[in-house]
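Trainee: I would like to learn how to read a structure feature by feature. Could we take one example and work through it?

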Amino acid sequence: MRHSRLLIVLVMAAIIYTAAGQVTAGADSTGGTLFSTYCISCHNTVPTTDPRLVGASASKITNAIVTIPQMIGNSAIHTLTSTQIQSISDYIVGTGMSTNWTLVGVGDFNKDGNIEILWRDMINGYNYMWLMNGTTVTGGVFLPTLADTNTWLVEGVGDFNKDGYADILWRNVSTDENVIWLMNGATVQGYVSLPAFSDRNWTVAAIGDFDGDGYVDILWRHLVNGSNTIWYLKGTTFSTAASLPALSDESWVVGGAADMDHDGHTDVLWRNKTAGYNLYWDLIGTNVGNYYLLPQVTDPSWTMIAAAQPDSNGNVKIYLRNQNAGTTVIWTMNGASLVSYVVLPAFGP
């Protein structure tokens, strides 16, 4: 991965998302302060062969600070913002924002009632979780690495074994294996294999309880003919399958599944990646009762990644990502109406 991410993880977790949300230090000493306070502990505990190590030093951080426009020529006391810290990190590794990191799922991993965000480094295979308080990032933690990024893909997140902790569904696009990591926070407690699916035109489109039995199910979409099929599960065991109406236009991509209208039935969210339309199918079982348009996003760079089940207010959160810009937005929805939105920090972990 781009090594700038680790510096951000260390500094952001300890600085930006604290109650104060800022660090104040003199420009001439900030490099040493940041390095000794937030970097050296990791450098002393992580093996030198670990590629996550940042090539950080007090002098490099200080040199980075004087390249930040807001701080050039100013030796007064400064407050470091997230943008400035990002610039420091980028200077150290000589690169801009990393596009390696992709948002691959959301779920309550630590059983605290908040929806965490799961990231995957598609170059190096690192997996990282943003810890959340509502829509605010409070910190982060690494999950086990799965280096084979060309074949192992995260296809969904859900509490498959009903223990209160979100689990991770993986699909191997070379061997057709489907495997669930059973999680306890950031720890893999074990894994379970689901039946293989040999037709690689089928991809996991969304995770949700489509039959209302309390167990997570899997929605598959055929990328060629537009067929949509639900695998009903009983925990981590395949039970049976059922078909949803086909949608043959390949411009339409499933963006998630959630009970959008609070009727007790999981609905399917769609995004038209060409025209920018967003809508949801109001499902009752496998029947589409109606569809409802959501706000349009015409820029095709935006992808609808996932949706979380209704919160205590009955609102659904939809997660959108602009991979080119490195920007993530959370929409809070009441049915098809946008209640509010939040822009998350404009970088990966």
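Trainee: Which residue stands opposite isoleucine 230 in β14?

Mentor: Alanine 242 stands opposite isoleucine 230. Keep in mind throughout that this is a predicted model. The residue pair belongs to the antiparallel pairing of β13 with strand β14 (residues 237-244), which are joined by 7 bridges.

Trainee: How many residues lie between the strands in the hairpin of β13 and β14?

Mentor: The hairpin has 2 residues between the strands, and glycine 235 takes a positive phi near 70 degrees there.

Trainee: And on the other side, how many bridges join strand β12 to β13?

Mentor: Strand β12 (residues 217-222) runs antiparallel to β13, with 4 bridges. Here arginine 221 has asparagine 228 in β13 as its bridge partner. The hairpin of β12 and β13 has 5 residues between the strands, and in this hairpin glycine 226 has a positive phi near 80 degrees.

Trainee: Why is β13 described as largely enclosed by the rest of the structure?

Mentor: Start from a general point: in a regular strand the side chains alternate between the two faces of the sheet. Then count burial residue by residue. In β13, 6 of the 7 residues are buried, so the strand is largely enclosed by the rest of the structure. For the whole protein of 349 residues, 49% count as buried.

Trainee: How many aromatic pairs are there?

Mentor: The count is 12 aromatic pairs. To read one, take the distance between ring centres and then the angle between the planes. Tryptophan 170 and tryptophan 181 make a tilted pair, at 4.9 Å centre to centre and 55 degrees between the planes. This pair links distant parts of the chain, with tryptophan 170 in strand β8 (residues 167-172) and tryptophan 181 in strand β9, 11 residues apart. Both rings belong to buried residues: tryptophan 170 has a relative accessibility of 1%, and tryptophan 181 has one of 12%.

Trainee: Why does the pair of phenylalanine 197 and tryptophan 231 count as stacked?

Mentor: The angle decides, since planes under 30 degrees apart count as stacked. The ring planes of phenylalanine 197 and tryptophan 231 are at 15 degrees, with centres 5.4 Å apart, so this pair is stacked. The two residues are 34 apart in the chain: phenylalanine 197 is in the loop between β10 (187-194) and β11 (202-208), and tryptophan 231 is in strand β13 (residues 228-234). Phenylalanine 197 is buried at 17% relative accessibility, and tryptophan 231 is buried at 7%.

Trainee: Which residues do ring pairs link into a cluster?

Mentor: The cluster consists of Phe197, Trp202, Trp220, Trp231 and Phe238. A ring can also face a charge, as in the case of lysine 162, whose charged end sits over the ring of tyrosine 215 at 4.5 Å from its centre.

Trainee: Let us turn to a polar side chain. Is asparagine 178 buried or exposed?

Mentor: Asparagine 178 is buried, with a relative accessible area of 2%. Its place is in strand β9 (residues 178-184). For a buried polar residue, the next step is to look for polar partners. The side chain of asparagine 178 makes a polar contact with the side chain of arginine 171 at 3.0 Å. A polar atom of the asparagine 178 side chain also lies 2.8 Å from the backbone oxygen of proline 195.

Trainee: Which residues is asparagine 178 in contact with, leaving aside its neighbours within four places in sequence?

Mentor: Among them are Trp170, Phe197, Trp220 and Trp231. Trp170 was met above in the tilted pair, while Phe197, Trp220 and Trp231 belong to the ring cluster.

Trainee: How is an open sheet read? What is the order of the sheet of 4 strands?

Mentor: List the strands across the sheet, then find the edges. The order is β3-β4-β5-β6, with antiparallel pairing. The edge strands are β3 (101-107) and β6 (136-143), each pairing on one side only. Neighbouring strands are turned by 25 degrees against each other on average, direction ignored. Between β3 and strand β4 (residues 116-121) there are 6 bridges, and threonine 102 has arginine 120 in β4 as its bridge partner.

Trainee: Finally, how many helices and strands does the protein have?

Mentor: The protein has 4 helices and 22 strands.

Definitions and conventions
Residues numbered from 1 in each chain as written. Heavy atoms only, no water. Buried < 20%, exposed > 50% of the residue type's maximum accessible area, 1.4 Å probe, protein only. Polar contact = N/O pair within 3.5 Å; in protein donor to acceptor, adjacent residues only side chain to side chain. Contact = heavy atoms within 4.5 Å. Phe/Tyr/Trp six-rings, centres within 6.5 Å; stacked < 30°, edge-to-face > 60°. Lys NZ or Arg CZ within 6 Å of the ring centre and 35° of its normal. Pairing = 2+ DSSP bridges. Axes fitted to C-alpha atoms, helices over the stretch in contact; angles between N-to-C directions.
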